[in-house]
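Dear colleague,

I am passing on a structure that will be new to you, and I would be glad if you kept it open while reading the notes below.

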Amino acid sequence: MSALSLAVRDSSTMLRRNLLHARRYPSLTLNLLLTPIMLLLLFVYIFGDVMSAGIGGGGADRSEYIAYIVPGILLMTIGGTVVGTAVSVSNDMTEGIIARFRTMAIHRGSVLIGHVVGSVLQSVISVVLVGAVAVAIGFRSTDAGVLEWLAAFGLLVLFATALTWIAVGMGLISPNAEAASNNALPMILLPLLSSAFIPVDTMPGWFRPIAEYQPFTPAIETLRGLLLGSEIGNNGWLAVLWCLGLAVLGYFWSTSKFNRDPK
C-alpha cells in the first residue's frame, strides 16, 4: 500500500474509534450541547422582548430577536463542542493509549486526524440539533437561497475545523482532563463577548475592540448576513482569514507537540 493509502486507512480507523467513544460516553457532548440550547431559550423567552426593543428601537418583537441571536448560538455550539475534543485528546495523552499507538505500525498523524474529523462531524450534528430547536421556537431564514445555505454550511465547517485544531493543541499541552477543559474555556467565553447577543455599535466604546478583534464576531456577522440577508461587508473575508489562520496555527502547534518524543 502507498503512504497515502496507509494514512487514509489509519485515519479512518481512528475516526471510527473516536465516534464510538462519543456514542458510548455521550454525557460530555450532551452537557456541552445543553449550554447553547439553554442560552437560546433564556434570551428568547426571558429577555427576547426587551432585547428586541432595544436593538430595533421600536416595539418589542421576539421573532426579530430570534432571527438575530440564532447565528451566534450556532457558532457558540461549535465552540462548546470542541471543548470536548480538548478533553478527549488530553485523556488519550494521559491514559497511555498514545504511548501504545507510538509502538504500532500506524500513520503517526492519523490519531490527530481522527480527532479533528470526528470533532467536526460532531459539531455539524450539534449545529443541526440546535438549529432544529431554533426552528421549533420560531426561527425562519426566508432570505437565504441555495447558494447562501451552501456558503453558510461551508463557513460552519471551516470554523469548526479551525477551532478543533486549536482545541487539539490545548488538549496536548494539558496534564489532565480538567486542565484541558479550563484551557479550552475561551471557546465558550468569546461568543459571549461578541456580537452574538447585541450589535457591536451598542456596546461601550472601551469594550468594542474586545468584540471586534476576535474570530467569533466576523463569523457571526457573515452567517447572519447569509441566513438573514443583512449586510456582510468585510466580515466575510475577515471570517475566512480568521478560520484559515487559526487552522494553520492549530495544525502546526498540534503536530509539533504530538510528534515530540515523550520525556
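The notes that follow begin with helix 4 and end with a surface patch.

This is a predicted model, in which local features need pLDDT of at least 70 and side-chain atom pairs count only at pLDDT 80 or more, while totals for chains, interfaces and linings use all residues. Residues are numbered from 1 along each chain as its sequence is written, and side-chain values use heavy atoms, without hydrogens and water.

Helix 4 covers residues 62–94 (helices being DSSP runs of H or I, at least four residues, numbered from the N terminus). It is largely enclosed by the rest of the structure, because 26 of its 33 residues are buried (under 20% relative accessible area, with a 1.4 Å probe and protein chains only). A kink of about 35 degrees lies at I69, shortly before the proline P71; the bend is the angle between axes fitted to the seven residues ending there and the seven starting there. Just after this helix, G96 takes a positive phi of about 95 degrees.

I69 also appears, with L75 and I78, among the residues that touch the most other members of the largest nonpolar core, which has 64 residues (buried Ala, Val, Leu, Ile, Met, Phe, Trp, Tyr and Cys joined through side-chain atoms within 4.5 Å). Helix 4 supplies the largest share of this core, 15 residues.

On the surface, L185 lies in the loop between helix 8 and helix 9, and L185 counts as partly exposed because its relative accessibility is 39% (partly exposed runs between under 20%, buried, and over 50%, exposed).

With kind regards

How values were computed: Helix = DSSP H or I, 4+ residues; strand = E, 2+ residues; numbered from the N terminus. Expected span 1.5 Å × (residues − 1).
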